[in-house]
Each structure stands twice: as C-alpha cells, then as structure tokens.
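I am opening a fresh page for this structure. These are my notes, in the order I looked things up.

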Amino acid sequence: MTVTDPPIGPRALWNDWVHFVLPCPCLGCGRPLAAPAPRLMLCRPCRGRLSPRRGPSCRRCARPLADPELATCTACIVRTPELDRLWIPWRYLPPLDSVVQALKFRRLEHLGGDLALGALEEIGPRRLAERLKGRTGPPIEWVVPIPLHWRRRLQRGYNQAEAIARPLAERLELPLIRALRRPRATPPQTGLGRRERLRNPRRSFRLSATYQQKLSGEGVLLVDDVLTTGATLRAAAQCLRQGGVRRVEGFVIARSPEEQATAGSELTGGPPGPILQSL
C-alpha cells in the first residue's frame, strides 16, 4: 500500500473559480479569504490555532498516558476494546469545530477532503500506511465510513463521515465500501447528555450481507468525524467484529476535550485507569 497525492479534479477547479468570484469568509474569524480558497477555509492565523494532540497516548483508545513508556492504558488492559488502534490528530477546539460544523450543517461537502488530508498530514501518511500493513495481524484492506440513517442522509444530502473517508481511502489507495447500515434512526448525539450519548447508538448498526463474507477475517479502517463518548465508534466496531472482521482500526478527525479529560475508557466500557491524565 502506498500513499498517493490527490489529483486536481473538476470539482476543485470549480470551487476555486467560485471562490474567486465570491470570496468566502474564514470559518474561524470571518475575515475574507484570498483566492484560491485555502484548505479548511481558514486563514493562516486561524490554521495556526488548530490544536493537535501531543504526548504519549494509549494505542487502543488514544487517551493520554502519564507514563510515556506504557503503550496501553489500564482500562484497555482490563477489558480489551473493540478497536485495535484509534487515530486522532486534533482536539475538537476552535477553529476546528467551526470547520466540522460547516461540513455537517452548511453543505460544504468539500471540507471532508480538506479534513481528511490535513489529518493525514498531522498523523504522518507514511506512519499510517506502514501501520496499516498489519505486521501483527491482517492488513487493513478496506475503509468503512460510519453510516447515517437514510432519512438523515437525505436531509443532509451526504454523509459527512463518507466525505472524510473517501479522499482518505483514495490517498491510501484502499477501496471504500458502505459495509455498515443504520436501519434504526437514533437521535443526534449533539445536545444529548453524556449518559444518553452512551446509550444512544447501541444496536443501531447492521453489517450488509453483501460484504459479510468478503470482510470475514479482514482488516477495516473505520472512519468518523468527531469522537465524543466513543459510543458510536464502539457500536460500529462491535458490529464489524460480530460479522467476522478480525482487525478494526478507527480514524476520527478530533476528540472532544471534555471527553479527553474524562477518566476511564468508553471505547472499552471498562473502569477508569489510574495512569490516565487529561491534556
């Protein structure tokens, strides 16, 4: 698997032309942006305010570790999570939150590609590609976005997780498949309390019969936009595991800082670990 540079397509040229005619405001501060539109629709000072995750973290749930010599937190040791690894490049803080919200609620679908490629650069494309080859297990062969219920997808016009996953898959030269379905409409996670967020996604995913045999024994990269409690990602990973997928790694753009500081790991459902600390 190699990492390739994305081609410049008609959509990118169209976006540049539209931006030249109708200059866009920066999503972070509102100042007019010079053409061509910069990545993430952020001016240079606002891009400098992005908050990358730094320091040692658990490879399974991505929570910070107090001891840099440890690879896994106590919660993931006590109860093995559904994810083999979780990749999170940024913290969900301004101005990144405005970019993600513009992708989800303002029909700026092209921001999915900006977020995917920016996140990949932050993580390190070669580092991710080497990891996905699977030295200790089956290689990652497929990219699977977290699905939306069909009513919400119809209302939004697209799936924001797929808008991130598709350019990511192209850059990693992996096929993207809609292997998961969401037959049950659940309330949006936004606005729910913590307890409701943890309960909300349970039993809300189904593995498509079309892909069940194809994915059996394989490795999957599961993609979503933002991780809050981790309940959605955990439920989707459980569904893939039950369908025979042997290896599941998660890729999300950012993690909510209040969840980052919470003791314990919702991705495992396990108890809090004494070696966890907040950023």
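**Entry 1: a loop residue and its backbone**

I began at Pro95, in the loop between β2 (90–91) and α4. I checked the peptide bond that joins Pro94 and Pro95 and found it to be cis, with omega at about 5 degrees. I noted this because most peptide bonds are trans. I also keep in mind that this is a predicted model.

**Entry 2: positive phi values**

Next I looked for residues other than glycine with a positive phi. I listed two of them, Ala62 and Glu173. They caught my eye because most residues other than glycine have a negative phi.

Ala62 has a phi near 70 degrees. I placed Ala62 in the loop between α2 (44–47) and α3 (74–78). Its relative accessibility is 1%, so Ala62 counts as buried.

Glu173 has a phi of about 55 degrees. I found Glu173 in the loop between α8 and β4 (180–181). Is Glu173 buried or partly exposed? Its relative accessibility is 44%, so I wrote down partly exposed.

**Entry 3: the whole chain**

I then stepped back to the chain. I counted 12 helices and seven strands. The chain has 279 residues, and 51% of them are buried. The exposed area is about 13700 Å², and carbon and sulfur atoms supply 51% of that area.

I also looked at contacts between residues at least 6 apart in sequence. Of these, 73% join residues at least 24 apart.

**Entry 4: the nonpolar cores**

Which residues touch the most other members of the largest nonpolar core? I noted Leu115, Leu221, Phe251 and Ile253, in a core of 42 residues. Several elements each supply at least two residues of this core. Among them are the helices α4 (96–105), α5, α6 and α8 (160–172). The strands β3 (140–145), β6 (219–227) and β7 (247–255) do so too.

I found a second, separate core as well, with 27 residues. Leu86, Leu180, Leu222 and Leu227 are included in that second core.

**Entry 5: Leu115 and Leu40**

I followed Leu115 through its contacts, leaving out residues up to four places away in sequence. Leu115 touches Leu40, Trp90, Leu96 and Val99, among others. Val100, Leu103, Ile164 and Ile253 are also on its list.

I turned to Leu40 next. Leu40 sits in the loop between α1 (10–21) and α2. Leu40 is buried, at a relative accessible area of 3%. With the same sequence neighbours left out, Leu40 touches Leu27, Leu50, Val99, Leu111, Asp114 and Leu115. I also checked the distance from Leu40 to Val100, which is 60 residues away along the chain. Their C-alpha atoms are separated by 9.2 Å.

**Entry 6: α5 against α6**

My last stop was a pair of helices. I looked at α5 (residues 111–123) and α6 (residues 125–132). How do their axes cross? They come within 6 Å and cross at roughly 85 degrees. Angles of 65 to 115 degrees count as roughly perpendicular, so α5 and α6 are roughly perpendicular to each other.

I listed the residues that make the contact. From α5 they are Leu120, Glu121 and Ile123. From α6 they are Pro125, Arg127 and Leu128. By class, I counted four nonpolar, two charged and no polar residues in this contact.

Key: Residues numbered from 1 in each chain as written. Predicted model: local features only at pLDDT ≥ 70, side-chain atom pairs only at ≥ 80, totals over all residues. Heavy atoms only, no water. Axes fitted to C-alpha atoms, helices over the stretch in contact; angles between N-to-C directions. Helix = DSSP H or I, 4+ residues; strand = E, 2+ residues; numbered from the N terminus. Parallel < 35°, antiparallel > 145°, perpendicular 65-115°, else oblique. Contact = heavy atoms within 4.5 Å. Nonpolar A, V, L, I, M, F, W, Y, C, P; charged D, E, K, R; others polar. Buried < 20%, exposed > 50% of the residue type's maximum accessible area, 1.4 Å probe, protein only. Areas by Shrake-Rupley, 256 points an atom, 1.4 Å probe, with all protein chains shown as cover. Core = buried A, V, L, I, M, F, W, Y, C linked by side-chain atoms within 4.5 Å.
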